[in-house]
Amino acid sequence: MKHIIPIVNELNKLSNEELLKNFELTFPKYGRFNYYPIFSKRSSFFKDILKQEVLKNENLEEKVFGNIRAAWLIVISILDYSSSDKFKKEIIQLIKKNWANSNYKDLENYTKNESRFAKYFN
């Protein structure tokens, strides 16, 4: 399966504790967005951080490419890499409840062509 956001192999080799330590730096090595796919892949350990990051106002407001918001990339990473369907559904319910409806609908529309993602929005 082809992933939308690639994993940085050097980060993937780090332990959960090393990843967390690096992520908490002001300027994490390889940039913050490269941690989300790995956190998502290891969602059983990073579940709380992922939830916090998805709800952070700065991630909801920051546009990274055109109209694509930082928080969208986190959600896409979770849908792309987490092996837990339960967690994926939980994240979608969390954002549906806490994001502005327009932001939620925009993400839903953005991901609608990925059938493996779209099913979580129904």
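## A guided tour, starting at α4 and α7

Select helices α4 and α7 to begin: they are roughly parallel to each other, because an angle under 35 degrees counts as such. What you have open is a predicted model.

**Stop 1: the α4–α7 pair.** Colour residues 43–55 for α4 and residues 85–98 for α7, and look along their axes, which lie 11 Å apart and pack at an angle of about 15°. The crossing of these two helices, α4 and α7, is right-handed. Now show side chains. On the α4 side, pick Ser 43, Lys 47, Leu 50, Lys 51, Val 54 and Leu 55. Their partners on α7 are Phe 87, Glu 90, Ile 91, Leu 94, Ile 95 and Asn 98. If you colour this α4–α7 contact by residue type, you should find 7 nonpolar, 2 polar and 3 charged residues.

**Stop 2: Asp 48.** Stay on helix α4 and click Asp 48, which sits within that helix. Is Asp 48 buried or exposed? Its relative accessibility is 53%, so Asp 48 counts as exposed. For a distance to try in the viewer, draw a line from the C-alpha of Asp 48 to that of Phe 87: the two are 11 Å apart in space, with their positions 39 residues apart in sequence.

**Stop 3: α4 again, now with α2.** Keep α4 on screen and add helix α2, residues 16–23. The axes of α2 and α4 come within 11 Å and cross at roughly 20°, and α2 and α4 are therefore roughly parallel to each other. Which hand does the crossing of α2 and α4 have? This one is left-handed, whereas the crossing of α4 and α7 is right-handed. To see the contact itself, select Asn 16, Glu 17, Leu 19, Leu 20 and Phe 23 on α2. Facing them on α4 are Phe 45, Phe 46, Ile 49 and Glu 53. By type, the α2–α4 contact residues divide into 6 nonpolar, 1 polar and 2 charged.

**Stop 4: Tyr 30.** Follow the chain onward from α2 into the loop that leads to α3 (36–41), where you will meet Tyr 30. Check the backbone here: phi of Tyr 30 is near 75°, a positive value in a residue other than glycine. With 36% relative accessibility, Tyr 30 counts as partly exposed.

**Stop 5: α6 and α8.** Next, select residues 70–81 for α6 and residues 101–111 for α8; their axes come within 11 Å and cross at roughly 50°. That angle makes α6 oblique to α8. The crossing of α6 and α8 is right-handed. From α6, the contact uses Trp 72, Val 75 and Ile 76. From α8, show Asn 103, Asp 106, Leu 107, Tyr 110 and Thr 111. Sorted by type, the α6–α8 contact has 5 nonpolar, 2 polar and 1 charged residues.

**Stop 6: zoom out.** Finally, clear your selections and view the whole chain as a cartoon. There are 9 helices and 2 strands, arranged along the sequence as α-α-α-α-α-β-β-α-α-α-α. The C-alpha trace spans about 35 × 30 × 25 Å along its principal axes. How does the radius of gyration fit a compact globule? A compact globule of 122 residues would come near 14 Å, and the chain has 14 Å, so the two agree. If you colour by accessibility, 43% of the 122 residues count as buried. Among contacts in the chain with a separation of 6 or more, 59% join residues 24 or more positions apart.

Terms used. Residues are numbered from 1 along each chain as its sequence is written. This is a predicted model: local features need pLDDT of at least 70, side-chain atom pairs count only at pLDDT 80 or more; totals for chains, interfaces and linings use all residues. Side-chain values use heavy atoms; hydrogens and water are left out. Axes are lines fitted to C-alpha atoms, for helices over the stretch in contact, and angles run from 0 to 180 degrees between N-to-C directions. Helices (H or I, at least four residues) and strands (E, at least two) are DSSP runs, numbered from the N terminus. Angles under 35 degrees count as roughly parallel, over 145 as roughly antiparallel, 65 to 115 as roughly perpendicular and the rest as oblique. A crossing is left-handed if the near helix is turned anticlockwise from the far one by less than a right angle, and right-handed if clockwise. Contact means heavy atoms within 4.5 Å. Ala, Val, Leu, Ile, Met, Phe, Trp, Tyr, Cys and Pro count as nonpolar, Asp, Glu, Lys and Arg as charged, and the others, Gly among them, as polar. The radius of gyration is taken over C-alpha atoms; the globule rule is 2.2 Å times the number of residues to the power 0.38. Buried means under 20% relative accessible area, exposed over 50%, partly exposed in between (1.4 Å probe, protein chains only).
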